[in-house]
Amino acid sequence: TQPCLREACQIQTCLQNNNFQESRCQKVINELFNCCEELLKSGGESPSCSSVNNKKKGGEIKTM
């Protein structure tokens, strides 16, 4: 399976359920950040983490 995919999908679901208000989904967003940081530290990568890398560079979060 794809690392951090579950967390990325949880963000999409949360955003849809909360009229795309990112502030209401901060917990699941943080879970994706944490998953991706651990994955990157271990030398792994995942398409689910590309949005995390963009966000750290000042971009917007892009979900599935």
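# A guided tour of a three-helix chain

Start by selecting Leu32, which sits in helix H2. Keep in mind from the outset that you are looking at a predicted model. Is Leu32 buried or exposed? Its relative accessibility is 4%, so Leu32 counts as buried. Now add Cys49 to the selection: it lies 17 residues away from Leu32 in sequence, while the two C-alpha atoms are 7.7 Å apart in space.

**Step back to the whole chain**

Zoom out and colour by secondary structure. You should find 3 helices and 0 strands, and from the N terminus the order reads α-α-α. The chain has 64 residues, of which 33% count as buried. If you switch on the surface, the accessible area comes to about 4,300 Å², with 48% of that belonging to carbon and sulfur atoms. Contacts also link distant parts of the sequence: among those with a separation of 6 or more, 48% join residues 24 or more positions apart.

**Colour by confidence**

Before going into detail, switch to pLDDT colouring. The chain averages 85, and 78% of its residues reach 70 or more. Which helix has the highest confidence, and which the lowest? H1 is the highest, at 96, whereas H3 (residues 50-56) is the lowest, with a mean of 63. Next, select residues 59-64, where pLDDT is below 50. This stretch still makes 13 contacts in the model beyond near neighbours in sequence. Where pLDDT is low, the predicted coordinates should not be read in detail.

**Look into the core**

Now select Cys4, Ile11, Cys25 and Leu32 together. These belong to the largest nonpolar core, which has 13 residues, and they are the ones that touch the most other members. Two elements, helix H1 (5-17) and helix H2 (26-41), each give two or more residues to this core. H2 gives the most, with 6 residues.

Stay on Cys4 and show everything around it. Setting aside neighbours within four places in sequence, you will find Cys4 in contact with Leu32, Cys35, Cys36, Leu39, Ser48 and Cys49. Leu32, where the tour began, is therefore a partner of Cys4 as well as a buried residue.

**Walk along helix H1**

Hide the rest for a moment and keep H1. This helix has 13 residues and spans 18 Å from its first C-alpha to its last, close to the 18 Å expected at 1.5 Å a residue. Select Glu7, Ala8, Ile11, Gln12, Cys14 and Leu15, the buried residues of H1. Turn the view until you look down the axis: these buried residues fall within an arc of 165 degrees, so they line one face of the helix. An α-helix has 3.6 residues a turn, so residues three or four places apart point the same way. Rotate to the face turned away from the buried side, and there you will meet the exposed residues Arg6 and Asn17. Bring H2 back into view: H2 is part of what covers the buried residues of H1.

**Two stops on the buried face**

Select Glu7, in helix H1. Its relative accessible area is 11%, so Glu7 is buried. Which residues does Glu7 touch, leaving aside neighbours within four places in sequence? They are Glu31, Leu32 and Cys35.

Move along H1 to Cys14. At 14% relative accessibility, Cys14 counts as buried because the cut-off is under 20%. With neighbours within four places in sequence left out, Cys14 contacts Arg24, Cys25 and Val28. Try a distance label here too: the C-alpha atoms of Cys14 and Gln26, 12 residues apart along the chain, are separated by 9.5 Å.

**Finish in the loop**

Finally, follow the chain out of H1. Just after the helix comes Asn19, with a positive phi of about 50 degrees, although this residue is not a glycine. Asn19 belongs to the loop between H1 and H2, and its relative accessibility of 62% means that it counts as exposed.

Phe20 lies in the loop between H1 and H2. What is the phi of Phe20? It is near 60 degrees, a positive value in a residue other than glycine. With a relative accessible area of 55%, Phe20 is exposed.

Technical notes. Residues numbered from 1 in each chain as written. Predicted model: local features only at pLDDT ≥ 70, side-chain atom pairs only at ≥ 80, totals over all residues. Heavy atoms only, no water. Core = buried A, V, L, I, M, F, W, Y, C linked by side-chain atoms within 4.5 Å. Buried < 20%, exposed > 50% of the residue type's maximum accessible area, 1.4 Å probe, protein only. Helix = DSSP H or I, 4+ residues; strand = E, 2+ residues; numbered from the N terminus. Contact = heavy atoms within 4.5 Å. Expected span 1.5 Å × (residues − 1). Arc of directions from axis to C-beta. Areas by Shrake-Rupley, 256 points an atom, 1.4 Å probe, with all protein chains shown as cover. pLDDT = per-residue confidence, 0-100.
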